[in-house]
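User: I have a structure open here and would like to go through the annotated sites with you. Could you take me through them residue by residue?

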Amino acid sequence: MDGIFTALMVSYDQDGTINEQGLREIIRYNIDVCKVDGLYVNGSTGENFMLSTEEKKEVFRIVKDEVKDQVKLIAQVGSINLNEAIDLAKYATDLGYDALSAVTPFYYKFDFEEIKHYYNSIINSVDNKMIIYSIPFLTGVNMSLDQFAELFENEKIIGVKFTAGDFYLLERMRKKFPSKLIYAGFDEMLLPAAVLGIDGAIGSTYNVNGQRAKQIYELAKQGEIEQAKEIQHVTNDLISEIIENGLYQTIKEILKDKGVNAGFCRQPMKRLSEEKVAIAKDISKKYL
Ligand code: MN9
C-alpha cells in the first residue's frame, strides 16, 4: 500500500451528471500515463461532498470495474451521516477496495470521544482497514499525537492521510507509529514529508503530474535530495500556477488538453472563464 496515490478526479457533465466514459478516461490516464501506484476514490478532489449516496456508489463501482486489480484502491467513505458512511464502507468493501478512508467528522464541533466512536463504528462494521483522513484546514478538526495514538489502538485503523503542514506533528507520528501508514496530503510538500519517512502520498495534482511525484518520492527514499529538490521546484511552479487559476477546474482543463474527457466541476464550484481555460492550456503545454 505504499507509493503515490492519485486523489481521483471525476468527470461531470455541464449539468453535474457523472460522465462514466470520462471517468474511465481519467482512470486510464492515471494508470497508463501518470503511472501512479493507486487511486484514492471519492475524496475532496472527486468532489465527493457534493454527491448523493447513489452517486458515490456509482463512482466506486465504475472505478473498480475499470481498474480491476491493476493498482491499489482506497475508498473514502467519510460523512457526518454516520449511517451513510457505514453503508458506503460496506459497499466499497464488497466491491473489493483494498482499504477505506474517512474524513474526520466536520461542521459540528465533535469532541474526541465522538470522533473515536465514528471511526470505530465505521471500521468495526466491515472486514477492511481504515486510513484516517485528516485535513484540518478544511474540516477545522485538529487531532493531537495522543489522540491519533488512541485511534490507532484499533488495529484495523492502519494509517492516516496527513493533509497538513505541521511537520513537527508529522515527525512525531513517524517516530511514535513506525508500523502505521502515513500518506502526505499536500503535493507541494511531498519532498519534506518524504524526507521524514512517509509511506506514500495522496494528492489531486497527481492526476496530471504523477510521474514527477513518483520521481521525487523515489529519489528522496534513495537520499538523492538535490535531484529531488529540482523536481519539487518544477512541480511547485506548476502547482502554484494551477492554484492561482483555480485548482480542480484547471487540473480538469489540463486533462482535456491531453485528450481526456475530464468534464466540468460540480456546482456550486464555478466554471472557468474562457481566459482561464486558455491559461490552463498554456500551463499544460509548459509543464506536462
Ligand atoms: O488531498 C489535496 N487536497 C485538496 C489532497 O484538494 C483539498 C491536495 O492534493 C491539494 O489539492 C494539493 C494542492 O494544494 O496539494
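User: Let's start with I202: is it buried or exposed?

Analyst: This is a predicted model, and in it I202 has a relative accessibility of 0%, so this residue counts as buried, the cut-off for that being under 20%. I202 sits in strand β8, which runs over residues 200-203.

User: And what does I202 touch, apart from its neighbours within four places in sequence?

Analyst: With those neighbours left aside, I202 is in contact with F5, A7, Y40, I74, K161, Y183, A184, G185 and D187.

User: Which UniProt annotation covers I202?

Analyst: An unreviewed UniProt entry gives the annotation "binding site" to T45 and I202. These residues are spread over 158 residues of sequence but cluster in space, with a largest C-alpha distance of 10.5 Å. Both T45 and I202 are included in the lining of the largest pocket.

User: Where is T45, then?

Analyst: T45 is placed in the loop between β2 (38-41) and α2 (53-67), and it is buried, with a relative accessible area of 5%. Leaving aside neighbours within four places in sequence, T45 makes contact with A7, L8, M9, S204, N207 and Y248.

User: OK, switching to the active site. Which residues does UniProt list under that?

Analyst: The unreviewed UniProt entry puts the annotation "active site" on Y133 and K161. They span 29 residues in sequence, yet no two of their C-alpha atoms are more than 4.8 Å apart, so they gather at one spot. The lining of the largest pocket also takes in Y133 and K161.

User: What surrounds Y133?

Analyst: Y133 belongs to strand β5, residues 130-134, and is buried, its relative accessible area being 2%. Not counting residues up to four places away in sequence, Y133 touches Y40, S44, Q76, S101, A102, V103, T104, Y119, K161 and T163, so the list of contacts includes K161, with heavy atoms within 4.5 Å.

User: How about K161, is that one buried or exposed?

Analyst: K161 is buried, with a relative accessible area of 5%, and lies in strand β6, which covers residues 157-162. Outside the stretch of up to four places away in sequence, K161 touches Y40, I131, I132, Y133, S134, Y183, G185 and I202.

User: G185 turns up there. Where does UniProt place the "binding site" feature that includes G185?

Analyst: The unreviewed entry in UniProt places that "binding site" feature at S44, T45, T163, G185, D187, E188 and S204. From this set, the lining of the largest cavity takes in G185.

User: Why does G185 count as buried?

Analyst: G185 has a relative accessibility of 10%, and because buried means under 20%, this residue falls in that class. G185 lies in the loop between β7 (181-184) and α8 (190-195), where, leaving aside neighbours within four places in sequence, G185 is in contact with K161, F162, T163 and I202.

User: And E188, what is around that one?

Analyst: E188 is also found in the loop between β7 and α8, but E188 is partly exposed, with a relative accessible area of 27%. Not counting residues up to four places away in sequence, E188 touches Q232, N236, I239 and I243.

User: Different topic: how do α11 and α12 cross?

Analyst: Helix α11 (residues 247-257) and helix α12 (residues 274-287) have axes that come within 8 Å and cross at roughly 65°, and the crossing is right-handed. On the α11 side T250, E253, I254 and D257 take part, and they meet V277, A280, K281, I283, S284 and K285 in α12. By type, the residues of this contact divide into 4 nonpolar, 2 polar and 4 charged.

User: Last one, where is D111?

Analyst: D111 is found in the loop between β4 (99-103) and α4 (112-123), and at 41% relative accessibility D111 counts as partly exposed. Measuring C-alpha to C-alpha in the model, D111 and T53 are 26 Å apart in space, and they are 58 residues apart in sequence.

Conventions. Residues are numbered from 1 along each chain as its sequence is written. This is a predicted model: local features need pLDDT of at least 70, side-chain atom pairs count only at pLDDT 80 or more; totals for chains, interfaces and linings use all residues. Side-chain values use heavy atoms; hydrogens and water are left out. Axes are lines fitted to C-alpha atoms, for helices over the stretch in contact, and angles run from 0 to 180 degrees between N-to-C directions. Helices (H or I, at least four residues) and strands (E, at least two) are DSSP runs, numbered from the N terminus. A crossing is left-handed if the near helix is turned anticlockwise from the far one by less than a right angle, and right-handed if clockwise. Ala, Val, Leu, Ile, Met, Phe, Trp, Tyr, Cys and Pro count as nonpolar, Asp, Glu, Lys and Arg as charged, and the others, Gly among them, as polar. UniProt positions are given in the numbering used here, feature names are shortened, and annotations may be inferred rather than shown by experiment. On a 1 Å grid over the protein atoms alone, a cavity is a set of points where a 1.4 Å probe fits but cannot get out, and a pocket is an open set with protein on both sides within 12 Å along at least five of seven lines; lining residues have an atom within 4 Å of a point. Buried means under 20% relative accessible area, exposed over 50%, partly exposed in between (1.4 Å probe, protein chains only).
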